[in-house]
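Grab a coffee and work through these exercises with the model open beside you. Try each task before reading its solution.

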Amino acid sequence: MTTQETTLTAGDAEVTVAPGNGCRVSSLRIAGTELLRQGDRYGCFPMVPWCGRIRDGRFRDGGRTYQMPLNSPPHAIHGFGRDAEWTTARVTDTEAVFTYDLTEPWPWPGRVTQIVALTEDALTLSIGIETYRDSFPAQIGWHPWFNRTLRDGGSAVRIDFDAAWQEERGDDHLPTGNRIDVRPQPWDDCFGMPDGVDVTLTWPGELAVNVTSREPWAVVYDEQEAAVCVEPQTGPPNGLNTAPRLVTPVEPLEASTTWTWRRP
């Protein structure tokens with residue numbers, strides 16, 4: 001068992017995972033070109049056991065209210081997985097498996113497993129959350145930071161998708177509960193895609209990456225100069241309160257996302 005960085009290669013694709021830093025994908029290089037913003041806080045990190053913000057850090061399960069640490073006051077954001085040290089369970093040339101045990105202040109014990117699988121033209125990230133005792137609400141998601149440009153002087157990325165609706169965002173950055181028509185950029189917003197997440201990032205003349213998932217929710221963030229984010233997830237921000245998914249002893253919560261790339 002180790003927390004040392006793991007690098008997988010397939011063709012001219014190379015992915016590096018840092019289990020000691022939240023099991024984030026710290027690098028994804030295609031033919032030597034880095035797709036992800038570099039830095040300890042960036043790359044692509046898993047959001048578990050919840051995604052985005054929880055209002056005031058509180059959520060209810062049954063008749064009880066639980067308080068999470070306010071790591072983005074006045075809210076709690078993005079779960080604990082990104083700050084945890086994960087364990088490398090298994091590695092091959094093109095696949096790696098990592099685990100992380102949920103502990104306090106999360107109220108329930110459980111195990112999170114992330115599988116990273118690479119082919120010559122795609123990266124698939126899969127997460128499962130298991131419980132061996134009580135059922136509990138949870139969410140799964142990924143928060144990639146894609147570089148806005150891939151090289152000095154290169155064209156800025158274009159983001160294309162069709163969404164059935166946009167979650168109206170309040171002044172507190174949380175959905176109000178109203179669904180509205182998709183508004184123009186800039187975005188720091190959650191979108192509903194009932195047929196599954198399907199977003200294409202295009203760096204004109206260089207590369208296109210299609211981000212897909214069977215999950216029906218994605219947050220798109222493009223308000224930063226250096227990078228943009230396309231975040232597939234199992235529920236909207238504050239979803240532990242508004243659209244919880246259950247982890248049970250007989251049914252883990254599972255989700256995956258695949259990024260497929262092509263050159264012009």
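**Exercise 1: The largest pocket**

In this predicted model, the largest pocket has a volume of about 550 Å³. Your task: work out which residues lie nearest the centre of the largest pocket, and how its lining splits by class.

*Solution.*
- Start with the lining of the largest pocket, which is made up of 26 residues. Nearest the centre you'll find R53, I77, H78, H143 and W145.
- Next, sort the lining by class: twelve residues are charged, nine are nonpolar and five are polar.
- Then look at the strands. β18 (165-169), β20 (188-192) and β23 (217-221) each put at least two residues into the lining.

**Exercise 2: The whole chain**

Decide what the radius of gyration of the chain says when set against that of a compact globule.

*Solution.*
- Begin with the inventory: the chain has one helix and 26 strands.
- Now the overall spread. The C-alpha trace covers about 55 × 45 × 30 Å along its principal axes.
- For 264 residues, a compact globule would have a radius of gyration near 18 Å, and the chain comes in at 18 Å, so the two agree.
- Check the burial too: 54% of the 264 residues count as buried.
- Finally, take the contacts with a separation of 6 or more; 61% of them are between residues 24 or more positions apart.

**Exercise 3: The nonpolar cores**

Find which residues touch the most other members of the largest nonpolar core.

*Solution.*
- As background, nonpolar side chains tend to be buried together in soluble globular proteins.
- The largest nonpolar core here holds 64 residues, and W106, I129 and W259 touch the most other members.
- Zoom in on W106. Skipping neighbours within four places in sequence, W106 is in contact with P49, W50, F59, M68, F80, F136, P137 and L240.
- Apart from the largest core lies another core of eight residues, including Y42, F45, C51 and Y221.

**Exercise 4: Two strand residues**

Take T6 and E130 in turn: is each one buried or partly exposed?

*Solution.*
- T6 sits in strand β1 (residues 6-10). Its relative accessible area is 7%, and the cut-off for buried is under 20%, so T6 is buried.
- Beyond four places in sequence, T6 touches V15, T16, V17, T88, V91, A96 and F98.
- E130 belongs to strand β13 (residues 122-130). Its relative accessibility is 31%, so E130 counts as partly exposed.
- Beyond four places in sequence, E130 touches G110, R111, T113, F136, V247 and P252.
- One more distance to check: E130 and W165 are 35 residues apart along the chain, and their C-alpha atoms are separated by 31 Å.

**Exercise 5: Backbone oddities**

Locate the cis peptide bonds at P74 and P105, then the positive phi values of A31 and N238.

*Solution.*
- Keep the usual picture in mind: most peptide bonds are trans, and most residues other than glycine have a negative phi.
- P73 and P74 are joined by a cis peptide bond with omega of about 10 degrees. P74 is in the loop between β8 (64-67) and β9 (76-77).
- The bond from E104 to P105 is cis as well, with omega near 10 degrees. P105 is in the loop between β11 (95-102) and β12 (110-118).
- A31 has a positive phi, near 50 degrees. You'll find A31 in the loop between β3 (24-30) and β4 (33-34), and it is partly exposed at 47% relative accessible area.
- N238 has a positive phi of about 65 degrees. N238 lies in the loop between β24 (227-233) and α1 (239-242), and it counts as buried at 7% relative accessibility.

Note on methods. Residues are numbered from 1 along each chain as its sequence is written. This is a predicted model: local features need pLDDT of at least 70, side-chain atom pairs count only at pLDDT 80 or more; totals for chains, interfaces and linings use all residues. Side-chain values use heavy atoms; hydrogens and water are left out. Helices (H or I, at least four residues) and strands (E, at least two) are DSSP runs, numbered from the N terminus. Buried means under 20% relative accessible area, exposed over 50%, partly exposed in between (1.4 Å probe, protein chains only). Contact means heavy atoms within 4.5 Å. On a 1 Å grid over the protein atoms alone, a cavity is a set of points where a 1.4 Å probe fits but cannot get out, and a pocket is an open set with protein on both sides within 12 Å along at least five of seven lines; lining residues have an atom within 4 Å of a point. Grid points are joined across faces, edges and corners, and a volume is the space filled by probe spheres set on the points. Ala, Val, Leu, Ile, Met, Phe, Trp, Tyr, Cys and Pro count as nonpolar, Asp, Glu, Lys and Arg as charged, and the others, Gly among them, as polar. A nonpolar core is a set of buried Ala, Val, Leu, Ile, Met, Phe, Trp, Tyr and Cys residues joined through side-chain atoms within 4.5 Å. The radius of gyration is taken over C-alpha atoms; the globule rule is 2.2 Å times the number of residues to the power 0.38.
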